[in-house]
Each structure stands twice: as C-alpha cells, then as structure tokens.
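This report describes a metal site and its setting within a protein chain. The sequence and coordinates are shown first.

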Amino acid sequence: MTPSSVAKRRCRNHIERQAACRCPGCGFDFCRECVTEHDERLLCSRCMAQLTGSIQEPSRSAALRTLAQAVAGIVAAFLFFFLAGELTSMVVSPSHEVRAWHAR
Ligand SMILES: [Zn+2]
Ligand SMILES: [Zn+2]
C-alpha cells in the first residue's frame with residue numbers, strides 16, 4: 001500500500017476526510033473517527049451495530065428458555081398436584097374408579 005493510494009481513499013461518511021483504514025466487515029474505507037476497535041479489529045459503526053445485534057441474539061433465546069422453564073415448572077407442578085390428588089382420592093375412596101365410570 002503506497003501513501004498515494006491511501007490519499008485517494010475517502011471516508012465513506014466524511015467525503016472530505018482521508019480514510020485511515022478499511023473496515024474488514026464491509027470493505028469500505030473509513031476515517032479514524034468512524035471506526036471503533038473491537039476484538040483487536042477496527043470496525044465501522046454499522047458493522048459494530050450488526051455485531052452488537054448478533055451478540056444480543058443469545059439474550060432473546062435466554063428469555064425464551066426462561067419462558068420454557070416457567071411453562072415446564074407449571075406443567076410439573078400441575079402434574080404433581082394432579083397425581084397427588086389422584087393418589088389421595090384413590091386412598092380415601094377405593095371406589096374412585098367406579099364413580100369415575102358412572103360420571104361419564
Ligand atoms: Zn463496516
Ligand atoms: Zn469518517
């Protein structure tokens with residue numbers, strides 16, 4: 001890379017400014033102010049936002065996992081009380097199955 005070729009490059013956001021580096025994400029040239037260092041790489045704000053968006057992805061699935069855990073907990077609690085109720089009614093009244101038959 002010769003200095004003359006660098007001088008021809010302009011920042012994508014600031015046409016009057018010289019490009020300091022090229023964003024490895026999108027391949028456009030940007031000035032020093034338009035790039036942010038991330039993971040030892042210089043990314044433009046747009047690629048940085050995309051990267052941050054992809055980082056936020058797990059938090060959404062984590063919320064889904066929490067919801068799934070809550071639903072599983074409710075189902076487990078329901079099953080527990082249902083089975084406990086069945087067990088109790090069986091113990092209290094041995095004719096439970098006969099009454100259930102008549103109820104249909
Ligand atoms: Zn970029
Ligand atoms: Zn710029």
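How are the donor residues of the zinc ion (ligand 1) spaced in sequence? In this predicted model, their spacing follows the pattern C-x2-C-x17-C-x2-C. Cys23 is located in the loop between strand S1 (21-22) and strand S2 (29-30), and Cys44 in strand S4 (residues 41-44), so this pair ties together parts that are 21 residues apart in sequence.

Coordination of the zinc ion (ligand 1) is provided by the SG atoms of Cys23, Cys26, Cys44 and Cys47, at 2.2 to 2.3 Å. The arrangement is tetrahedral because the angles subtended by the four donor atoms are 104 to 114°, and the criterion requires all angles to lie between 85 and 135 degrees. For four tetrahedral donors the ideal angle is 109.5 degrees.

The table lists the relative accessibility of selected residues.

| Residue | Relative accessibility | Class |
|---|---|---|
| Cys23 | 1% | buried |
| Cys44 | 2% | buried |
| Val75 | 43% | partly exposed |

Val75 belongs to helix H2 (residues 45-92). Together with Leu64, Leu67, Val71, Phe78, Leu79, Phe82 and Leu83, Val75 forms a nonpolar surface patch with about 810 Å² of accessible area.

As a whole, the protein contains three helices and four strands, arranged from the N terminus in the order α-β-β-β-β-α-α. Of its 104 residues, 15% count as buried. The accessible surface amounts to about 8400 Å², with 62% of this belonging to carbon and sulfur atoms. Among contacts in the protein with a separation of 6 or more, 3% involve residues 24 or more positions apart.

Key:
Residues are numbered from 1 along each chain as its sequence is written. Chains are lettered from A and ligands numbered from 1 in the order in which they are written. This is a predicted model: local features need pLDDT of at least 70, side-chain atom pairs count only at pLDDT 80 or more; totals for chains, interfaces and linings use all residues. Side-chain values use heavy atoms; hydrogens and water are left out. Donors are N, O and S atoms within 2.8 Å of the metal (3.2 Å for Na, K and Ca); water is not among the atoms, so sites may look incomplete. Four donors count as tetrahedral if all angles lie between 85 and 135 degrees; four count as square planar and six as octahedral if opposite donors are over 155 degrees apart and all others between 65 and 115; anything else is irregular. Helices (H or I, at least four residues) and strands (E, at least two) are DSSP runs, numbered from the N terminus. Buried means under 20% relative accessible area, exposed over 50%, partly exposed in between (1.4 Å probe, protein chains only). Patches are made of residues with over 30% relative accessible area and no salt bridge: like charges are joined within 9 Å, nonpolar side chains (Val, Leu, Ile, Met, Phe, Trp, Tyr) within 5 Å. Accessible areas come from the Shrake-Rupley method with a 1.4 Å probe; for residues, only the protein chains shown count as cover. A salt bridge is a side-chain nitrogen of Lys or Arg within 4 Å of a carboxyl oxygen of Asp or Glu. Contact means heavy atoms within 4.5 Å.
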